[in-house]
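Biologist: I have just opened this one and I'm new to it. Could you walk me through it?
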Amino acid sequence: MKIKITGIGSYIPEKKISNTDFSEHVFLNEDGSPFAYPNEVVINKFKGITGIEKRRYAEDKYTASDLAFFASQKAIENAGIDPETLDYIIFAHNFGDVKFGTSQSDIIPSLATRVKHQLQIKNPKCVAYDILFGCPGWIEGVLQANAFIKSGMAKKCLVIGGETLSRVVDAHDRDSMIYSDGAGASVIEASDDETGMLSYESATYAAEEANFLYFGKSYNPDLDPDTKYIKMYGRKIYEFALSQVPAAMKSCLDQSGLGIDDVKKILIHQANEKMDEAIIHRFYKLYGQTPPKDIMPMSIHELGNSSVATVPTLFDLLIRGQIEDQEIHKGDVLIFASVGAGMNINAFVYRY
């Protein structure tokens with residue numbers, strides 16, 4: 001028995017923020033000093049590295065659990081199931097519900113519970129809980145659903161990734177341009193045919209890597225130092241990802257019994273275009289090959305990095321034919337992979 005994604009949905013906020021919207025920002029170095037060059041240079045360098053031209057921010061009236069609810073409705077409708085038959089709702093996020101104009105996280109009750117409430121599910125045996133696993137949270141939720149279903153503890157699970165990173169960024173940190181908001185949701189069920197998950201990998205590196213992503217004070221020394229924002233050591237993350245992610249993907253693919261030539265698409269966390277390209281090239285190099293054209297669908301150019309939401313949103317867009325020059329067909333083999341705060345890495349091989 002395998003598990004498969006029987007329903008998928010995403011919510012992409014309507015508020016579009018382009019790179020030019022950052023032209024008047026006051027970007028500062030970590031020590032609070034101003035940059036030695038104008039914002040136009042900062043933005044052009046940023047686009048050249050990350051590939052990001054635009055990103056989406058949640059409408060002011062919505063929180064992460066609202067976005068997740070909208071995505072979940074679509075996934076449930078896509079699966080054609082009665083939500084009352086769900087055994088688990090697993091919600092991956094990192095910062096809880098952060099209301100617009102505030103920086104305080106609200107996670108009581110859990111965001112999964114809030115989604116269950118909004119879906120009006122009455123069944124008390126539908127267990128709702130959150131997981132904190134950095135950007136790879138949605139994939140980890142799918143792996144947990146896999147365990148629940150294979151053990152006989154569940155038949156149907158709703159796995160969500162949702163975040164409003166725009167509300168936890170330091171406006172004086174140029175890295176703030178990376179982050180965006182969104183949600184993706186999936187219904188997971190057992191599969192008795194040849195489709196579904198074939199193998200998986202998951203790991204946490206916390207010796208030297210635990211604090212590569214962290215919560216820190218603003219680069220603006222005039223702001224309250226007790227108010228924290230998402231921060232990262234970008235170079236260390238880049239080097240870690242290039243060192244560890246391709247190896248994890250190879251281990252996962254080798255476990256599946258399939259070869260590199262069987263892989264049709266790789267859906268990787270939309271963190272940074274150059275980093276993702278480097279990961280894919282290094283992965284194929286492990287097999288003595290170069291990546292085929294169009295092996296890696298991308299959404300980061302228009303949507304930015306919405307953390308746990310990027311991979312399920314990418315899958316939803318791909319299935320619906322919303323990514324230019326990209327399509328998948330029944331029986332295609334996909335690799336899902338992610339890396340993020342922890343530092344965590346995970347992946348799974350999937351036959352569509």
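Modeller: Let me start with a term: a pocket is an open set of grid points, where a 1.4 Å probe fits, with protein on both sides within 12 Å along at least five of seven lines. Please keep in mind as we go that this is a predicted model.

Biologist: Okay, what volume does the largest pocket have?

Modeller: The volume of the largest pocket comes to about 1200 Å³. Its lining is made up of 49 residues, and those closest to the centre are Asp175, Ile178, Tyr179, Met232 and Gly234.

Biologist: And which helix gives the most to that lining?

Modeller: That is helix 1, which gives the most to the lining of the largest pocket, with five residues. At least two residues each are supplied by several elements, including helix 1 (39-50), helix 5 (234-256), helix 6 (273-285) and strand 12 (333-340).

Biologist: How many of the lining residues are nonpolar, polar and charged?

Modeller: For the largest pocket, the lining divides into 28 nonpolar, 13 polar and eight charged residues.

Biologist: What about the second largest pocket, which residues lie nearest its centre?

Modeller: Nearest the centre of the second largest pocket are Pro297, Met298, Ser299, His301 and Ile323, out of 22 residues that line it. Two or more residues of this lining come from each of helix 6 and helix 7 (300-303), and the largest share, four residues, is from helix 6. The volume of this second largest pocket is about 500 Å³, and its lining has 10 nonpolar, five polar and seven charged residues.

Biologist: Switching to closed spaces, how many cavities of 30 Å³ or more are there?

Modeller: The count is one cavity of 30 Å³ or more, and the largest cavity has a volume of about 70 Å³. Its lining holds 13 residues, with Ile12, Asp181, Leu303, Ser306 and Thr313 nearest the centre. Strand 7 (181-191) and helix 8 (310-319) each provide at least two residues of that lining, which by class has five nonpolar, seven polar and one charged residues.

Biologist: Different topic: how many disulfides does a search of the whole structure find?

Modeller: The search finds zero disulfides. Taking Cys157 as one case, the nearest cysteine sulfur belongs to Cys126 and is 9.0 Å away, whereas a disulfide needs the two sulfur atoms within 2.5 Å.

Biologist: Then why is Cys252 not bonded to Cys135?

Modeller: The closest cysteine sulfur to that of Cys252 is in Cys135, but the two are 19 Å apart, so they are too far for a bond.

Biologist: Are those cysteines, Cys157 and Cys252, buried or exposed?

Modeller: Cys157 counts as buried because its relative accessibility is 0%, and Cys252 is likewise buried, with a relative accessible area of 0%.

Biologist: Now helix 3, which of its residues are buried?

Modeller: In helix 3, which spans residues 111-118, the buried residues are Leu111, Ala112, Arg114, Val115 and Lys116. What covers them includes helix 2 (64-79), strand 4 (88-92), strand 5 (127-131) and strand 6 (156-164). Just after helix 3, Gln120 takes a positive phi of about 60 degrees.

Biologist: Last one, what does the UniProt annotation say about residues 253-352?

Modeller: The unreviewed UniProt entry annotates residues 253-352 as "domain: Beta-ketoacyl-[acyl-carrier-protein] synthase III C-terminal". Over residues 253-352 of the model, the chain is 31% helix and 22% strand, and the end C-alpha atoms lie 15 Å apart.

Notes. Residues numbered from 1 in each chain as written. Predicted model: local features only at pLDDT ≥ 70, side-chain atom pairs only at ≥ 80, totals over all residues. Heavy atoms only, no water. 1 Å grid on protein atoms, 1.4 Å probe; cavity = no way out; pocket = protein on both sides within 12 Å on 5 of 7 lines; lining within 4 Å. Points joined across faces, edges and corners; volume = space filled by probe spheres on them. Nonpolar A, V, L, I, M, F, W, Y, C, P; charged D, E, K, R; others polar. UniProt positions renumbered as here; feature names shortened; annotations may be inferred. Buried < 20%, exposed > 50% of the residue type's maximum accessible area, 1.4 Å probe, protein only. Contact = heavy atoms within 4.5 Å.
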